[in-house]
Amino acid sequence: PEDGATNVWAYNGAVPGPLLRLRQNQKARIRLDNKLDQATTVHWHGLRIANAMDGVANLTQPPVPPGAGFDYEFTPPDAGTYWYHAHARSWEQVARGLAGVLIVDEAEPQDFDRDLVFAIDDWRLMEDLSFDGDSLGRLMDWSHGGRLGNALTVNGKARTRLDVGVGERVRLRLVNVATARIFNL
């Protein structure tokens, strides 16, 4: 809060987590080392992969306990823009920042000038910009469509500007990593 930053939970220290870029039909291996004080998993949202690698705690895999790790191995069959996120206590872990963008590039590259990725999120913050952890799990939020934040970010920043040149071909990838909000862009 002193420098306008908010303490969050993050993959590799970044919010959103690191942009993961894979190749269609090429095997990927991604390591999760759980440094939280609670169990977690990673769900590869939208990817058609084997159930054992899908990362849904207690359904497709056991949760990864604190201090333990898990190797996710899969071959993405479909090109596209996806996201990954915690899937154990996701109402808390995603709200605290455990989400990122995953791109599976086409086997044959497409023609464009720039590939821009926007991970759009909302956060519930206190007046001093600290994360409002006390608001997690409130039944009032759950009964009203989910927990909405009071601060919006794009790629982890409160203000984002995009300059595009005349005639420039831009591939824009938009990913909503918020836990409940529908964004009007």
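This passage describes the sheet, the nonpolar core, the empty spaces and the unusual backbone sites of a predicted model.

The account begins with the sheet. Four strands form an open sheet in the order 1-6-5-3. The pairing is mixed. Strand 1 (17–23) and strand 3 (42–45) are the edge strands, and each pairs on one side only. On average, neighbouring strands of this sheet are turned by 25 degrees against each other, direction ignored. Strand 1 pairs with strand 6 (residues 99–105) in the parallel sense. Five bridges join this pair. In one of these bridges, glycine 17 has glycine 100 of strand 6 as its partner.

The nonpolar core comes next. In soluble globular proteins, nonpolar side chains tend to be buried together. The largest nonpolar core in this model has 30 residues. Val42, Trp44, Leu47, Tyr72, Phe74, Tyr84 and Leu102 have the most contacts inside this core. Two or more residues come from each of strand 1, strand 2 (28–33), strand 3, strand 4 (69–74), strand 5 (80–86), strand 6 and strand 7 (114–123). Strand 6 gives the most, with five residues.

Tyrosine 84 shows the packing around one core residue. Residues up to four places away in sequence are left out of its contact list. Tyrosine 84 touches Val42, His43 and Trp44. Tyrosine 84 also touches Leu98, Ala99, Gly100, Val101 and Leu102. Its other contacts are Tyr11, Gly17, Pro18 and Leu20. Both glycines of the bridge between strand 1 and strand 6, Gly17 and Gly100, are thus among the residues that tyrosine 84 touches.

Empty space was examined as well. Rolling a probe the size of a water molecule over the atoms shows where empty space is left. The count comes to two cavities of 30 Å³ or more. The largest cavity has a volume of about 60 Å³. Its lining includes Val15, Pro16, Val94, Gly97 and Ala99. Ala119, Asp121, Trp123, Thr153, Gly156 and Val177 also line this cavity. Strand 7 gives the most to the lining, with three residues.

The largest pocket holds about 450 Å³ of space. Its lining has 19 residues. Ala10, Tyr11, Asn12, Leu32 and Asp33 lie nearest the centre of the pocket. Strand 1, strand 2 and strand 3 each give two or more residues to this lining. The largest share, four residues, comes from strand 2. Tyr11 appears both near the centre of this pocket and among the contacts of tyrosine 84.

Some backbone sites stand out. Most residues other than glycine have a negative phi, and most peptide bonds are trans. Valine 15 and proline 16 are joined by a cis peptide bond, with omega about -5 degrees. Proline 16 sits in the segment before strand 1. Both residues of this bond, Val15 and Pro16, line the largest cavity.

Leucine 129 is not a glycine, yet its phi is positive, at about 75 degrees. Leucine 129 belongs to the loop between strand 7 and helix 2 (139–142). Its relative accessible area is 33%, so leucine 129 is partly exposed. Asparagine 155 also has a positive phi without being a glycine, here of about 55 degrees. The loop between strand 8 (151–154) and strand 9 (170–176) holds asparagine 155. Asparagine 155 counts as partly exposed because its relative accessibility is 28%, and partly exposed covers values between 20% and 50%.

How values were computed. Residues are numbered from 1 along each chain as its sequence is written. This is a predicted model: local features need pLDDT of at least 70, side-chain atom pairs count only at pLDDT 80 or more; totals for chains, interfaces and linings use all residues. Side-chain values use heavy atoms; hydrogens and water are left out. Two strands pair if DSSP finds at least two bridges between them. Axes are lines fitted to C-alpha atoms, for helices over the stretch in contact, and angles run from 0 to 180 degrees between N-to-C directions. A nonpolar core is a set of buried Ala, Val, Leu, Ile, Met, Phe, Trp, Tyr and Cys residues joined through side-chain atoms within 4.5 Å. Buried means under 20% relative accessible area, exposed over 50%, partly exposed in between (1.4 Å probe, protein chains only). Contact means heavy atoms within 4.5 Å. On a 1 Å grid over the protein atoms alone, a cavity is a set of points where a 1.4 Å probe fits but cannot get out, and a pocket is an open set with protein on both sides within 12 Å along at least five of seven lines; lining residues have an atom within 4 Å of a point. Grid points are joined across faces, edges and corners, and a volume is the space filled by probe spheres set on the points.
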